[in-house]
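Me: I have a structure open and would like to learn how to read it. Could you walk me through it, one feature at a time?

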Amino acid sequence: MAGLTLTQTAGFADSIFGKSAAPISMVLEQSLEAFELSSTYDKIFSVRTSKNFAEKMTALSAMDGFAPVGENGAHPKTDMTEVFSKTFEHMTWKSSFAISREMVDDAKLDLMRLRASKFVQDYGRKREAFAGALIGGATGNSIKFGGQNFSTLCADGKPMFSTAHPNYYKASKTQTNLFAGSFSADTLSELETRMQNFTGDKDEILGIIPDTIIIPNIGALKKTVFSVIGADKDPATANNGFNFQFGRWNVIINPYWTVSGTDKPFILMDSKFNEMDGAAVWYDRVKLETEAFVDMDTNAAVYNGYARWSAGFNNWRGMIMGGVTGGTALT
C-alpha cells in the first residue's frame, strides 16, 4: 500500500466536483503504487519512519569483554562508547494541481485523471531524483537540490565516499572507501576484499559481505558489469576457469544518478549492513498527504500535496565506490 492520505474540506463532496473525487482518489493511489514498484531509492537507502522533527543516528563502538577466565572466573567488565553521530532534519516538500470547473462541465474525466497521475509521478520522481542526486554528490560535502542545500557528509564529518575516513579513537588512522580503477573482474574482486577488511573504531573486523552493485545508467558500464558477473566461466580468458563472481550479486541500475566527465563510477553495498547500521538512510516523517478544496476565486478544485522526509549518509562502511578519478589507486 502506497500510504497516500487524501482529505477533503467541508462541502467538497457536495460540490460539483464531488462526483470526480472518488475516481481522482483512485488514480492518485494507483499511480503512486505503480511508481513505487519500479523505484530504486528504497533499494539503496534504508527507509525508516520518524515521529520527530529530526532524527539522530549514532554508532556504538565494539564490545571486547569476552575473554577466557577459567573455571568459576569473574565476568570481565566492558562497555560500549557512542562514537560518531549524524542528525537528519526533515524537509517539507509541497506541490499542487487544479481541476477547472470547465473540465467538470465538459466531463473531461480522462484529462482530470491525467493531471492526478502526473501529480503523483512528479512526487515519485522527486524522491528518486533526490536519492540520485545524493549518490551522485556523495564524494563532496553537499548538493543543491530544488534551491536547497543538503549534506552528503556521513557521521564522521567526511563525504560518504572519501579517501580519509578517521578512526574515532585514533584520528590519524584513516580508511578509504573511494577508489580509482575501471570496473573489471579484478577490480570487483579487489574492492570486495577491501570492503571485507574494513574495521571498526576499535580495529575489529566487521564481517562486511557486499552483495549489491549500484551503477548509473551508462551503456558501456552495464555491458561490462554483466559480462563480469553474468557468466559462469572466467570472462577475461578463453579457458574454462570458474567465475566465482557469477550469481553472487544484485545489480541496481539507477537512471537518476547522473555522471559528468568520463568517469564510470560504481558502488558495492552490503545491504544487510545498510539496514542494520544505516549507511545510506532515508526517513519518512510524513508520507504524501493531499487535501482537496474548492478555490472560490477560480471555481477550481485544488489538490495540495504535502510531505516531509530527509535522507543522507551515516556509516560509510556499508558502501564502497570505484571508478572515480582521484580515488585511492588499486595496487
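**Reading the fold, step by step**

Reply: Happy to. In the protein chain, residues 24 or more positions apart account for 73% of the contacts with a separation of 6 or more. Please keep in mind that this is a predicted model.

Me: How many helices and strands are there in the protein chain?

Reply: The protein chain has seven helices and 15 strands. Its C-alpha trace spans about 80 × 60 × 40 Å along the principal axes. Of its 331 residues, 43% are buried.

Me: Where can I see two residues that are far apart along the chain but not in space?

Reply: Try L4, which sits in the segment before β1 (5-8). L4 and E289 are 285 residues apart along the chain, yet 6.0 Å separates their C-alpha atoms. Beyond its neighbours within four places in sequence, L4 is in contact with L28, E29, L32, L288 and T290. With a relative accessible area of 15%, L4 falls under the 20% cut-off, so L4 counts as buried.

Me: L288 is on that list. Where else does L288 turn up?

Reply: Look at G305, in strand β14 (residues 300-313). G305 and L288 are 17 residues apart in sequence, and their C-alpha atoms are 6.6 Å apart in space. Neighbours within four places aside, G305 is in contact with W93, K94, S95, S96, F119, L288, E289 and T290.

Me: Is G305 buried or exposed?

Reply: G305 is buried, at a relative accessible area of 7%.

Me: Now the nonpolar core. Which residues touch the most other members?

Reply: To read a core, look for the members that join many others, then ask which element supplies them. The largest nonpolar core here has 72 residues, and F45, I99, F130 and M319 touch the most other members. Helix α4 (residues 109-136) gives the largest share of this core, nine residues. As for F130, its contacts outside the neighbours within four places are W93, I143, F145, F150, W282, W309 and A311.

Me: How do I read a helix that has a buried side? Which residues of α6 are buried?

Reply: List the buried residues, then see how they are spread around the axis. In helix α6 (residues 219-229), the buried ones are L221, V225, V228 and I229. They lie on the same side of α6 because they cover an arc of only 80° around the axis. The partners of these buried residues are α5 (185-196), β10 (212-216) and β11 (250-254).

Me: What about a polar side chain that is buried?

Reply: Ask what its polar atoms meet. T176, in the loop between β9 (174-175) and α5, is buried, with a relative accessible area of 15%. A polar atom of the T176 side chain lies 3.1 Å from the backbone oxygen of L178. The side chain of T176 also makes a polar contact with the side chain of T328, at 3.1 Å. Leaving aside neighbours within four places, the residues in contact with T176 are S162, T163, F198 and T328.

Me: How would I find empty space inside?

Reply: Rolling a probe the size of a water molecule over the atoms shows where empty space is left. In this model the count is one cavity of 30 Å³ or more, and the largest cavity holds about 30 Å³ of space. L32, F35, E36, Y41, Y123, G124 and R127 line the largest cavity. Both α1 (18-37) and α4 supply at least two residues each to that lining. You have met L32 already, as a contact of L4.

Me: Last one: backbone angles. Where is phi positive in a residue other than glycine?

Reply: One place is D203, with phi near 65°. D203 is in the loop between α5 and β10, and counts as partly exposed at 31% relative accessibility. Another is N299, which is not a glycine and has a positive phi of about 65°. N299 is in the loop between β13 (280-295) and β14.

Me: How accessible is N299?

Reply: N299 is partly exposed, with a relative accessible area of 40%.

How values were computed
Residues are numbered from 1 along each chain as its sequence is written. This is a predicted model: local features need pLDDT of at least 70, side-chain atom pairs count only at pLDDT 80 or more; totals for chains, interfaces and linings use all residues. Side-chain values use heavy atoms; hydrogens and water are left out. Buried means under 20% relative accessible area, exposed over 50%, partly exposed in between (1.4 Å probe, protein chains only). Helices (H or I, at least four residues) and strands (E, at least two) are DSSP runs, numbered from the N terminus. The arc is that of the directions from the helix axis to the C-beta atoms. Contact means heavy atoms within 4.5 Å. A polar contact is a pair of N or O atoms within 3.5 Å; within protein, one must be able to donate a hydrogen and the other to accept it, and residues adjacent in sequence count only if both atoms are side-chain atoms. A nonpolar core is a set of buried Ala, Val, Leu, Ile, Met, Phe, Trp, Tyr and Cys residues joined through side-chain atoms within 4.5 Å. On a 1 Å grid over the protein atoms alone, a cavity is a set of points where a 1.4 Å probe fits but cannot get out, and a pocket is an open set with protein on both sides within 12 Å along at least five of seven lines; lining residues have an atom within 4 Å of a point. Grid points are joined across faces, edges and corners, and a volume is the space filled by probe spheres set on the points.
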